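Here are my notes on the model you sent over. Have a look at it first, then read on.

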Amino acid sequence: DIMASLLKAGLESNILDEHARNSIVMKHYALFELGINTRHFKKVKVHFESALRDCWVEEELLQECTQRFGALQSIFEEEGAELRRTAKVQEDLSKRILAATTA
């Protein structure tokens, strides 16, 4: 279900369109919260390419599909970085609150 949804987003959406990007982020936010990152995305992309090759998809179509799917990677990079920053801020805040309450 997740793979199908990501494929649909990559192949049907204009990733450069801000509305489409926001829609993808909101729909798949749980993935980012689970820690899915660029490394995981690259593994899914390799699996996708292999599946297309196994189905004897013509090279031109394979290149177009992998290019469009690959455009989703920037979303994973940006959202992953944002979640790491947010987690760091929350951790720092928790430490300050704990320090203030124990002082």
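The points below go from the whole chain down to one helix pair.

1. First, a reminder that we are looking at a predicted model. The chain has 6 helices and 0 strands, and the pattern along the sequence reads α-α-α-α-α-α.

2. On burial, 29% of the 103 residues in the chain count as buried. The accessible surface adds up to about 7400 Å², and carbon and sulfur atoms account for 57% of that surface.

3. How do the contacts spread along the sequence? Taking contacts between residues at least 6 apart in sequence, 68% of them join residues at least 24 apart.

4. Now the helix pair I'd like you to look at: H4, residues 38–54, and H6, residues 73–102. Their axes come within 9 Å of each other and cross at roughly 160°. An angle over 145 degrees counts as roughly antiparallel, so H4 is roughly antiparallel to H6. The crossing of H4 past H6 is right-handed.

5. Which residues make this contact? On the H4 side they are Thr-38, Phe-41 and Lys-42, and on the H6 side Gln-73, Phe-76 and Glu-77. By class, the contact of H4 with H6 splits into 2 nonpolar, 2 polar and 2 charged residues. Phe-41 and Phe-76 are the nonpolar ones, Thr-38 and Gln-73 the polar ones, and Lys-42 and Glu-77 the charged ones.

How values were computed: Residues numbered from 1 in each chain as written. Predicted model: local features only at pLDDT ≥ 70, side-chain atom pairs only at ≥ 80, totals over all residues. Heavy atoms only, no water. Axes fitted to C-alpha atoms, helices over the stretch in contact; angles between N-to-C directions. Helix = DSSP H or I, 4+ residues; strand = E, 2+ residues; numbered from the N terminus. Parallel < 35°, antiparallel > 145°, perpendicular 65-115°, else oblique. Left-handed = near helix turned anticlockwise from the far one by under 90°. Contact = heavy atoms within 4.5 Å. Buried < 20%, exposed > 50% of the residue type's maximum accessible area, 1.4 Å probe, protein only. Areas by Shrake-Rupley, 256 points an atom, 1.4 Å probe, with all protein chains shown as cover.
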